[in-house]
Amino acid sequence: MKKILVVDDDQAILTLLEYNLKKEGFEVQTATDGQQAFNLALSSTFDLILLDIMLPKLDGIEVTKKLRQEKVATPIIMLTARDEETDKIIGLELGADDYITKPFSPREVIARIKAIGRRVEPAQNEKNDEQSELYQFTDFSIDLSNYTVSVAGKQISLTPKEFELLAYFVKRPDRVLSREKLLNGVWGYDYVGQTRMVDMHVSHLREKIEHDPSHPTNIQTVRGFGYKFEGKLNEDQTSF
């Protein structure tokens, strides 16, 4: 993870982050408004985007939404001066990978970047080594190598985090997974006190893949512990 786009309309923050990231060996490009950031992210390849929420022209939430709609999967860390759970949840739901609340230290930012890098790079290598990972269940199918999910033969749209969570479940059938383990496995490290985020994403997944979300058959709640994936494979696919 070497090339980073830093987006903030506060020049002091841009200068601070650019200086410290370059000291760590990163290549850095900067933007001061959301439209500029969106254009750069579409026209260039970055390993990660540091994206402030409060931006002129397009705010960080809208930039994230538009990038994910354009299938840009670059990891995004959102920077926010607001200590409000709603902003964080919206950003993560739309496809951001992490958030940092201002004020922050450059050391914290660098640690978060490296944590995402440790999670993303093995996943990319694993994908390159695999020809196909298509799993067909009674209610849906998921192709882990092509990042697609279909229900009743029709491809559906998942946010990047919804897809990662579903893939995490699929690879661990019949295992009880705590919310803390899901946070650590899908979001890259332990989000202390953010277990509600798992419940929210599980609820959204059920709405999209379950025949009857109020009585799910794939992602089961294990009260007092967490969740368990019990999806039934089609007859022509009997093992993982």
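**Close-up views of a predicted model**

**View 1. Helix H8 has the length expected of it.** With 15 residues (195–209) at 1.5 Å a residue, helix H8 should span 21 Å, and its end C-alpha atoms are indeed 21 Å apart. The expected span is 1.5 Å times one less than the number of residues. Helices (H or I, at least four residues) and strands (E, at least two) are DSSP runs, numbered from the N terminus. The buried residues of H8 are Met197, Val198, Met200, His201, Val202, Leu205, Arg206 and Ile209. Here, buried means under 20% relative accessible area, exposed over 50%, and partly exposed in between (1.4 Å probe, protein chains only).

A note before moving on: this is a predicted model, in which local features need pLDDT of at least 70 and side-chain atom pairs count only at pLDDT 80 or more, while totals for chains, interfaces and linings use all residues. Residues are numbered from 1 along each chain as its sequence is written, and side-chain values use heavy atoms, with hydrogens and water left out.

**View 2. The largest nonpolar core has 51 residues.** A nonpolar core is a set of buried Ala, Val, Leu, Ile, Met, Phe, Trp, Tyr and Cys residues joined through side-chain atoms within 4.5 Å. Ile142, Leu166 and Phe169 have the most contacts inside this core. Its largest share, 7 residues, is supplied by helix H6 (residues 160–170). Domain 1 (3–119) and domain 2 (134–229) both give residues to the core, so it lies between them; the domain bounds come from an automatic or database assignment. There is also a second, separate core of 18 residues, which includes Leu48, Leu50, Leu79 and Ile113.

**View 3. Leu166 meets two residues of helix H8, Leu205 and Ile209.** Leaving aside neighbours within four places in sequence, Leu166 is also in contact (heavy atoms within 4.5 Å) with Phe140, Ile142, Val149 and Leu158.

**View 4. Asp52 sits in strand S3 (residues 48–52).** Asp52 is buried, with a relative accessible area of 3%. Once neighbours within four places in sequence are set aside, Asp52 touches Val7, Asp8, Asp9, Gly60, Leu79, Thr80 and Lys102. An unreviewed UniProt entry annotates Asp52 as "modified residue: 4-aspartylphosphate". UniProt positions are given in the numbering used here, feature names are shortened, and annotations may be inferred rather than shown by experiment.

**View 5. Arg68, Asp97, Lys161 and Glu164 are linked in a network of salt bridges.** A salt bridge is a side-chain nitrogen of Lys or Arg within 4 Å of a carboxyl oxygen of Asp or Glu, and the count comes to 13. Between Asp97 and Arg68, the closest N and O atoms are 3.4 Å apart. Asp97 lies in the loop between helix H4 (85–94) and strand S5 (98–101) and Arg68 in helix H3 (residues 60–69), so this pair ties together parts 29 residues apart in sequence. Asp97 also forms a salt bridge with Lys161 (3.0 Å, N to O). Lys161 belongs to helix H6, so this pair ties together parts 64 residues apart in sequence. Lys161 is buried at 0% relative accessibility, and Asp97 is buried at 5%.

**View 6. Glu108 and Arg112 form a salt bridge within helix H5 (residues 106–129).** Their side chains meet at 3.1 Å, N to O. The two residues are 4 apart, about one turn of the helix. Glu108 is partly exposed at 27% relative accessibility, whereas Arg112 is buried at 17%.
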